[in-house]
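Visitor: I'm new here and would love a walk through this one. Could you show it to me first, and then let me ask things as they come up?

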Amino acid sequence: MKPPIPRLGASSASLPSLCPEALVDELARLGYQGVEWRVADIGHLDPTHPWDARQNNRCTIAPTESAISRIQALCQSVGLKIFGLSPYLAVGDLDHAERLINLAALAGQARLRLWAPNYASERYTEAYGRMRRFLDQIVPHAEALGVQLVLEVHQRTICSSPSLAMRVAEHYPASSLGIIYDIGNLAIEGREDVQLSLDLMGQHLAHAQVKNVSYSPIGPGLGWQWDWCPPDEGVLPLASMLKTLADSGFADWISIEDFSTKYGDLHKLSRNRDLIRHYLGFGIEPDLHTATRHTAHEHYN
């Protein structure tokens, strides 16, 4: 019997120069199976300025029923699964949470990404209690609609490692609250042994996000600063990390979320597809040295 095979997806948040329709076309053409959509207000987008993952991200879906319905229909037409929505939801904003859960249900019961509180402005105990109270209020609505909420392992939050995320998630059924295992974020804060993390998360493991980080010295006694880099050029040994993940029987989504800017967004999609397939042992020998001359803007104005 063949072992289960993870499914390959991409995070639109890391492809800011592509419009959503162009991303759908490219994902289908390149053989991706699914997508996580960045969900945020698009009223401030400015095509006269450079596209940017954080401030001017073209590859974003507005948090409205009409926008979600359109992108869901488009993805379905080419066989793509929307496996996640990635909004920016403040802990405690119950009205917005309810709207986003409804949108996740509309998107084929996609998972809804949550960020835990940042610990810069409050102590851990207070932040943890606030997160638990928020979840207690929104989990029942998500359960009623068949939507799984997912905590992202993210630096500078109280869920900056798998074990810290489990301290929250373990109080809820795995079908109601999962954990996004963001491998790249662990290079910044919270890295733990992969097998240990998998053992800890167990059924709460939802999907994995893949990216990598490089470091450079700031100055004597000042430490090092990090930046995003292509997946094969960073401090994380992604090949061995993904092998451990696959060997564990993981068959959920591996979502490529490469925020690096060394290559254009179109080239990142094909390059990273081959790279991750190679790391997973799919027999693909990636061409990692030839960069495309074309940019996403040239292809999709």
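**A walk by question**

Guide: Let's begin in helix α8 (residues 265–279), where Lys-268 and Asp-265 sit three residues apart, which puts about one helical turn between them. Keep in mind that this is a predicted model.

Visitor: How far apart are the closest N and O atoms of Lys-268 and Asp-265?
Guide: These two side chains form a salt bridge. Lys-268 counts as buried, at 3% relative accessibility, and Asp-265 counts as buried too, at 9%. Their closest N and O atoms are separated by 3.6 Å.

Visitor: How many salt bridges does the structure hold?
Guide: Side chains of opposite charge can pair when their charged atoms come close. One network of salt bridges here links Asp-182, Lys-211 and Glu-257. For the whole structure, the count is eleven.

Visitor: Which residue meets Arg-113 in a salt bridge?
Guide: The N to O distance in this pair is 2.7 Å. Arg-113 belongs to strand β5 and its partner to strand β6, so the pair ties together parts that are 39 residues apart in sequence. Arg-113 counts as buried, at 5% relative accessibility, and the partner, at 3%, counts as buried as well. That partner is Glu-152.

Visitor: Is Arg-130 buried or partly exposed?
Guide: Arg-130 forms a salt bridge with Glu-122, with 2.4 Å between the closest N and O atoms. Buried would need a relative accessible area under 20%, and exposed one over 50%. Arg-130 has 30%, so it is partly exposed.

Visitor: What span should helix α2 have, going by its number of residues?
Guide: Helix α2 covers residues 65–77, which makes 13 residues, and the rise is 1.5 Å a residue. The C-alpha atoms at its ends are 18 Å apart, which agrees with the expected span of 18 Å.

Visitor: Within what arc do the buried residues of α2 fall?
Guide: The buried ones are Ala-67, Ile-68, Ile-71, Gln-72 and Cys-75. Looking down the axis, you'd find that they line one face of the helix, because they fall within an arc of 125°.

Visitor: Which exposed residues does α2 carry on the face turned away from its buried side?
Guide: The buried residues of α2 pack against α1, β2, β3, β4 and α3. The face turned away from them carries the exposed residues Glu-65, Arg-70, Gln-76 and Ser-77.

Visitor: In β5, which residue is the bridge partner of Leu-85?
Guide: Strand β4 is mostly covered, with five of its six residues buried. It pairs in the parallel sense with β2 over five bridges, and two bridges join β4 to β5, also running parallel. In β5, the partner of Leu-85 is Leu-112.

Visitor: What arc do the buried residues of α5 cover?
Guide: In helix α5 (residues 162–169), the buried residues are Pro-162, Ala-165, Met-166, Val-168 and Ala-169. They lie on the same side of α5, because the arc they cover around the axis is only 155°.

Visitor: How far apart are the C-alpha atoms of Leu-186 and Val-213?
Guide: Leu-186 is in the loop between β7 and α6, and at 2% relative accessibility it counts as buried. Among the residues Leu-186 touches are Val-153, Pro-162 and Tyr-181. Leu-186 and Val-213 are 27 residues apart along the chain, and their C-alpha atoms are separated by 9.3 Å.

Key. Residues numbered from 1 in each chain as written. Predicted model: local features only at pLDDT ≥ 70, side-chain atom pairs only at ≥ 80, totals over all residues. Heavy atoms only, no water. Buried < 20%, exposed > 50% of the residue type's maximum accessible area, 1.4 Å probe, protein only. Helix = DSSP H or I, 4+ residues; strand = E, 2+ residues; numbered from the N terminus. Arc of directions from axis to C-beta. Expected span 1.5 Å × (residues − 1). Contact = heavy atoms within 4.5 Å. Pairing = 2+ DSSP bridges. Salt bridge = Lys/Arg side-chain N within 4 Å of Asp/Glu carboxyl O. Lists of a residue's contacts leave out its neighbours within four places in sequence.
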